[in-house]
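Please open the structure in your viewer and keep the selection panel at hand. This tour suggests what to select at each stop and says what is found there.

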Amino acid sequence: MTQTPIFRAQSIEKAFPGVLALKGVDISLHPGSIHALLGENGAGKSTLIKVITGVHQPTAGTMYLDGAETRFTSPRDAIAKGIGVVHQERNLFPRFSVAENIFLEQLATSYLKPVNYAQLNRDARPWLDALELDIDPATPVSELSVARMQLVEIAKALSLKSRVLLLDEPTASLTSSETDRLFTILRRLRDDGTSLVFVSHKLEEVQEICDRVTVLRDGANACDSRSMDGVDRDQLVQMMIGRSEGAAAWRHRDTASHPEVLGLTGVSTVLGHRDITLSVRKGEIVGLYGLIGVGRTELAKSIMGQFAVTGGEVRVNGTAVQIGSVAEAIHRHGLGYISEDRKGEGLILQHSVLANAGVPIWRKLAGALGSLSDGRVQQVVTPFLNKLEVKTPSLAQTVGNLSGGNQQKISVAKWLAAGVSFLIVDEPSVGIDIKTKAYLHELLRELADNGTAILLISSDMPEMIALADRIAVMDDYRIRGEVPNTGVYDDISRKIMNHIHGSEVDRTEFAEASNP
Amino acid sequence: MLQISRLSRADWFGPLLATIIAIVLIQSFSATFLSAYNIEILLLAIAVNALVAYAQMIIIAIGQMNLSVGAIGGLAAISFAGAMEVWGLPAPLALVFALFIGVLAGMVNGILIRITGISAFVITLATLSIYKGINLGITEAQPFYGIPESVKSFGSAILVGPIPLLVAPTIVVTLLLWFMLRRLPIGRFILAVGSNDHAAALSGISVSKTVIAAHAISGLLAAIAGVLVVARLQIGQPSIGDDWLILSFAAPVIGGAILAGGHVSTMATMLGVVIVAIITQALVLFSIDPFLVQVVLGAMILAAVGLNRLRARQPLKGSM
Amino acid sequence: MNTPFKTMALAGICGMAAAAAQAADDSRIAMIPGGPHPYFAAWEQAGADAVRDFGIEAADYKVPQKWELTQQNQLLESLLSQGYNGFMIFPGDPVGAVSTAEELAENGAQVIAGAGCFKDPSPAAFCLGTDTGNSAYLGTKELLAAMGDGEKRIAHFTGFLVDPNTQLRIDAVNKAAEEAGATVVQVIADIDAPEPAEEKINAYLAAHADEVDGIITTAWVPAVVAANALRKMGDTGIHMVGIDHDEVVLTAIKDGVIDGTMLQNPYGQGYIGTFALDKLRSGCTVKDDAPFASNALTDKFIDSGTSYVDASTVDSYIDAMRAESDRILKDFEATYLTCN
Amino acid sequence: MSAQDTPSAPSPNSSTGDGRQTWLRFFLSNEFGLILLIAAFIVIFAVSTRGFLSPFNLFSLGRNSAVNIMIGLSMMTVIVTGGLNLAVGAMGVCAAMAFGWLIEVLGLPWPIALLGGLGMGAALGFINGWTVVRTGLHSFIITLATMSIFFGVMIFLTRAESYRAIPDVFSALGKMKIATYLSPLLLVTLACALALTWLYRFTVTGREMLAAGASPAAAELSGIRVGRIIILCHMLSGVLAGMAALMLVARNGAAIPSMAGQLGQDWLLPAFLGPVLGGTLLQGGKVSVLGTVLGAFLVTMLSSGLLMLQIGAFWVQTFLGLMLLIAVLLDKARRSYLTRRNLA
């Protein structure tokens with residue numbers, strides 16, 4: 001392909017106080033192409049996107065639009081010049097209608113001209129149709145599913161007549177079928193001549209849909225806009241991390257004879273779980289697979305005592321128990337939970353590494369009058385932080401300033417330090433780069449080998465297969481069946497889908513209540 | 001059924017129900033409650049209080065607080081009265097001057113908040129002190145008496161039946177606000193910024209301009225309220241606005257406003273004002289021990305807010 | 001400065017210039033009300049006049065920014081540090097202000113209470129003020145007289161509940177009503193700010209106008225608001241006696257909207273108080289057998305005068321107060337003080 | 001150059017860092033800014049007013065700041081949870097009135113009445129905390145309502161009458177001078193501040209309060225009983241508000257219903273100014289006891305100095321507001337300047 005790129009950036013540098021985030025990056029985007037932008041967390045992807053979309057001004061370097069030099073003074077400026085973006089975080093206004101969300105940018109030109117909603121709804125229709133979105137443009141966005149919100153954002157970007165559309169982790173919260181639909185749409189956009197930039201951690205998806213790739217490593221190009229032809233996964237990984245991926249293959253472990261650590265029989269909860277039966281043995285990793293919103297995290301929190309169990313029996317180490325609060329679960333029963341929402345529920349971002357790693361053991365270490373010194377906590381916590389190779393300038397460092405991988409390590413370390421015998425791990429590798437992910441997998445296996453019972457919640461099938469001994473399949477707040485892990489991807493994937501679709505006779509693909 | 005269920009989820013539904021129940025109850029105990037003169041008094045109270053509540057509501061909409069609403073209202077009130085007494089300005093000019101003071105004071109709040117990045121709570125706490133201090137510095141706590149007859153007669157004029165003329169500005173403002181928050185880009189921007197300022201900025205909305213505009217509107221509304229109070233009291237009291245704070249928050253919150261921002265309802269706020277006014281009056285009507293008035297008011301606020309909360313939690317069970 | 005005050009000031013000068021006598025040469029007098037309130041505004045002029053008439057170094061009117069005991073305490077502490085040595089204080093609280101007054105006295109300053117009293121025991125040499133209870137009692141009597149025969153149902157509008165004077169006033173009104181066989185049908189308190197006063201008084205009158213025959217108000221703002229309300233309602237047959245000399249109230253009397261008002265004498269308090277403090281500074285002491293009156297708070301009370309003004313006397317009310325001030329000042333020294 | 005740029009392995013002694021870093025951190029801190037401001041204003045007032053440095057003024061400055069600091073600390077303990085407590089004044093007055101009632105009506109000895117008063121503060125705090133936790137509503141609106149309720153019930157029960165039969169021993173505390181300059185009240189306050197520092201630094205409960213304030217969800221899932229902790233924070237606030245009110249009782253020699261103004265609203269300004277100037281985050285989770293102490297002291301000193309300057313009394317409030325604004329702005333500017341210079 002030798003046609004002129006729509007957009008080209010050359011030798012882009014971007015310095016923040018104390019950090020050189022981009023050290024001379026090149027990228028060129030061509031029409032009718034889906035361009036992968038890869039790199040580990042902290043490699044500079046987000047910064048590059050923000051430079052291209054006018055959020056940041058580059059410290060040095062030039063950008064060309066249709067061959068002419070250009071610069072974007074603000075996001076509005078970039079939008080006006082045809083650069084659209086769907087950010088990783090949701091940027092919709094839940095109480096505003098779909099149409100208004102799509103056209104807010106156009107409204108922003110005037111402060112006092114009354115909004116004509118009928119017109120707005122009419123104008124929104126074509127863009128929704130283009131994405132095969134069958135929703136009333138007057139619907140408030142808050143009533144949509146996550147996947148549809150994503151599509152509304154894309155519609156919004158398209159409505160701005162974007163010739164370049166950047167999608168930052170668009171599939172992060174989508175199920176596989178939703179992802180497939182998204183890809184169909186992206187391909188069509190590509191065929192219509194749009195230049196798409198696709199950012200993802202999921203290399204399978206990148207290989208499936210992208211035709212060109214730029215990889216960043218440590219703020220510099222590991223490769224610049226080369227064709228995807230003949231590039232395989234290993235090469236991508238090598239470019240991203242500078243070496244090949246440590247193969248972390250599944251291995252069969254026999255835990256059948258181990259005693260049960262946590263058992264659920266016919267459990268129902270206030271949140272709507274019915275008849276949940278599940279058992280996790282010592283040293284065993286049990287996977288809990290299911291799509292988003294089927295009640296997995298909710299089950300985990302019910303086990304931890306945050307929501308009431310209304311029926312059935314919960315056993316810890318063979319004894320039936322009533323767990324009234326999370327504190328009870330942790331301190332009396334030795335249960336632990338690593339949340340999928342690391343920033344919201346897992347860690348206290350504004351507090352130090354030491355404070356975060358020590359929370360569950362404070363009570364245990366307290367002396368007279370509840371006194372507690374940093375020294376004592378440090379003594380207990382440091383071995384685990386060292387073991388997990390947490391990279392931090394000091395224990396006093398604010399956790400919010402660390403990378404996602406290090407944050408995840410800390411949220412694991414705190415449970416190691418607490419010495420729990422049962423650990424629920426909820427979507428452990430969301431937002432974590434490949435290197436750390438492999439390391440985490442290794443760590444979870446090691447934990448299990450040392451006797452911790454683990455319940456792994458994940459919607460990442462390869463991860464499930466790499467780790468779990470057995471996989472329980474959940475759908476609609478019930479356990480639909482259980483699949484032993486044989487290590488064979490296709491086989492397991494099919495069996496899991498059978499369990500899910502077996503229960504999905506009368507439900508729509510998007511798993512949401514349709515409007516009457 | 002579906003229609004009713006939807007209705008019950010609207011913000012104004014709960015307050016409206018509470019208002020109707022309160023009116024029916026009070027009327028059944030005291031026949032004079034709905035007498036013409038009583039309605040007139042009630043409307044007068046509502047006219048001013050609604051503006052005070054709106055002044056706070058617009059700031060709640062952008063997810064901030066404005067502790068200086070009362071101070072701005074007081075400053076505008078004494079500017080209005082002072083301009084007429086000391087400078088001898090005709091009432092309309094004095095009105096423009098007072099409203100200008102209000103807008104200016106509001107804009108100062110907004111500008112300070114935006115350029116310093118310090119929380120609105122802290123900034124308006126400081127400006128509360130400044131505006132109130134200027135008020136006291138100018139008046140030395142002495143009221144202005146030189147209110148022209150035209151203003152006095154406006155304050156006591158009757159529009160029709162039991163409806164005083166003073167409610168006219170409030171009605172106009174209510175409709176304009178409703179229209180602004182529903183239909184005008186500036187209103188939508190205010191809600192967007194309150195809902196998620198980061199996303200608003202990415203959508204090309206100028207957060208700074210929007211925040212400053214919201215504060216200017218808040219200042220304007222507080223100033224109108226201040227001027228109306230002057231017309232009603234027929235003196236320029238420096239203490240006008242001193243006790244607006246609780247009411248200014250109570251009414252929007254009873255009306256279902258979310259303190260985090262992004263969601264307010266003009267109509268529900270108006271109903272919140274009505275509820276508070278009715279309660280205050282009922283306490284007097286039933287000759288309730290004056291010492292207990294505060295308690296009942298506090299308890300009612302808590303109850304109204306708690307009910308609103310329950311309704312929000314179980315939106316579908318509320319259908320009746 | 002409002003006209004009545006000016007006239008009053010002039011009256012003071014004419015009437016009292018003769019009293020100029022030996023003054024302590026380092027008297028720095030401060031007059032401190034409980035907070036900003038129009039009632040006290042006359043003190044400032046009174047102090048300035050006293051400085052001129054009696055050759056005092058300074059007599060300044062200092063107002064706490066708010067009706068807040070802490071603010072007043074801070075102001076007093078600050079004034080003491082600044083070198084003021086004579087204080088006329090309207091106690092922010094009759095009890096709570098005592099301890100600050102004690103500190104002032106311990107540091108060598110002279111203290112008297114003005115307009116309102118400290119509760120005994122206190123270091124204040126005496127309390128020069130309006131007998132609030134008596135004023136309310138007399139006012140109610142006047143109201144009852146104005147109402148003539150027939151049913152006598154009274155509504156009483158008064159000020160902050162946290163002000164103990166409020167309770168005294170409520171009791172006094174009740175007592176007067178009882179003596180005359182009248183009933184107090186409603187007490188509305190806590191309305192010394194214009195808006196709540198406006199709301200509650202109007203609401204009450206709206207509902208109960210025909211169940212009330214007379215209104216007594218015992219605080220500045222309720223008097224203004226009630227007078228306005230009656231004017232607005234037109235001929236209701238409701239009689240009213242107000243308090244203080246707000247122009248609204250005075251005009252209402254002239255126009256026959258209300259019957260009269262109970263005047264207090266702030267200018268006289270300021271002028272006489274400054275004079276007395278200076279005397280105390282120069283070595284005079286309070287006589288052991290001074291003919292003090294007593295009220296609920298103190299046994300060292302000097303009535304600064306209260307008088308009832310109705311339509312017939314409203315134009316000359318200043319004369320009434322002047323006569324009162326004159327009378328007190330003329331033999332103040334002889335009556336209350338021992339000077340060498 | 002900064003702490004973040006020098007990576008080192010986490011080892012038990014690395015958290016202290018070297019001396020220079022500690023100093024740098026201190027210079028960057030809010031507390032240091034406040035100390036500078038306080039020093040600057042002391043010089044200004046000493047030069048330009050008469051009697052600012054007089055023993056009596058310094059004594060009364062200390063005594064006034066004792067109360068203001070305590071009020072600030074009371075608010076701080078709730079701000080830690082990310083909430084606000086508008087009822088500080090009402091709670092304080094209720095505690096003081098309970099104290100007065102126990103002495104005057106029940107004839108209890110004052111130390112027991114003191115405990116009773118503080119217990120009243122704690123009980124009202126419990127009501128606030130419990131309501132906040134159970135309803136899930138923001139503490140702003142809850143305490144807005146309870147402020148009205150507490151104060152109203154108190155006024156109803158006491159008929160707004162003061163209790164003045166306070167034992168001389170107790171009221172002597174308010175006037176006592178230690179070494180000419182020091183009020184024992186200031187010592188009480190400083191002791192409380194030290195205790196709070198200890199609480200937040202060295203006890204499980206204090207740390208749990210910070211954690212619950214910073215992120216209730218994360219704290220809950222880490223085994224902290226967030227509800228209980230929030231109630232505890234409100235109770236602590238009640239006790240401290242009670243302390244402040246009892247100090248005022250000692251100062252005035254009487255328990256007065258109006259000591260914190262109508263509904264206790266007059267305490268609100270000092271209550272917020274201390275913590276806010278002192279760098280306690282309104283979002284919760286971060287606390288600076290020293291900062292609150294310094295902030296409250298600065299405010300007390302400013303108002304005292306302004307009175308001394310003899311600016312027309314009615315303008316004092318304006319200048320106070322302006323100075324607060326300037327203090328906050330200066331602090332902001334100073335920090336961003338230092339941060340930029342050290343990181344660039």
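The stops below go from the whole complex to one helix, then to a pair of chains, and finally to one chain and its domains.

**The whole complex.** Begin with everything shown, and keep in mind that this is a predicted model, for which the predictor gives an ipTM of 0.78 and a pTM of 0.82 for the complex. If you colour by chain, you can look for the 5 pairs of chains that are in contact, among which chains A and D share the most contacts. Chains A and C, by contrast, are joined by no contact, and their closest C-alpha atoms lie 35 Å apart.

**Helix 5 of chain A.** Next, select residues 146–159 of chain A, which form helix 5. Its 14 residues should span 20 Å at 1.5 Å a residue, and the distance between the end C-alpha atoms agrees, because they are 20 Å apart. How many of the residues in helix 5 of chain A are buried? The helix is mostly covered, with 12 of its 14 residues buried, including L151(A), V152(A), I154(A) and L158(A), and also E153(A) and K156(A). To see what covers these buried residues, add other elements of chain A to the selection, among them strand 6 (83–86), helix 3 (98–107), helix 4 (117–130), strand 7 (164–168) and helix 6 (176–191). After helix 5 of chain A comes K161(A), whose phi is positive, near 55 degrees.

**Where chain B touches chain A.** Now show chains A and B together, where the contact takes 20 residues from chain A and 15 residues from chain B. On the side of chain B, the elements that give two or more residues are helix 9 (185–195) and helix 10 (197–202), and helix 9 of chain B gives the most, with 5 residues. Coloured by class, this side of chain B has 7 nonpolar, 6 polar and 2 charged residues.

**Chain C and its confidence.** Select chain C alone and colour it by pLDDT, which averages 83, with 92% of the residues scoring at least 70. Among its elements, strand 3 (residues 86–89) has the highest mean pLDDT, 94, and helix 1 (residues 3–16) the lowest, 45. Over residues 1–21 of chain C the pLDDT stays under 50.

**The domains of chain C.** Finally, colour chain C by its domain assignment, which gives domain 1 (3–130 + 264–306 + 317–333) and domain 2 (132–263). The C-alpha centres of these two domains of chain C lie 29 Å apart, and 14 residues of domain 1 are in contact with 13 residues of domain 2. On the side of domain 1 that touches domain 2, you will find 7 nonpolar, 7 polar and no charged residues.

How values were computed. Residues numbered from 1 in each chain as written. Chains lettered and ligands numbered in written order. Predicted model: local features only at pLDDT ≥ 70, side-chain atom pairs only at ≥ 80, totals over all residues. pLDDT = per-residue confidence, 0-100. Helix = DSSP H or I, 4+ residues; strand = E, 2+ residues; numbered from the N terminus. Contact = placed C-beta atoms within 7 Å. Expected span 1.5 Å × (residues − 1). Buried ≥ 20, exposed ≤ 12 C-beta atoms within 10 Å, placed from the backbone. Nonpolar A, V, L, I, M, F, W, Y, C, P; charged D, E, K, R; others polar. Domains from an automatic or database assignment.
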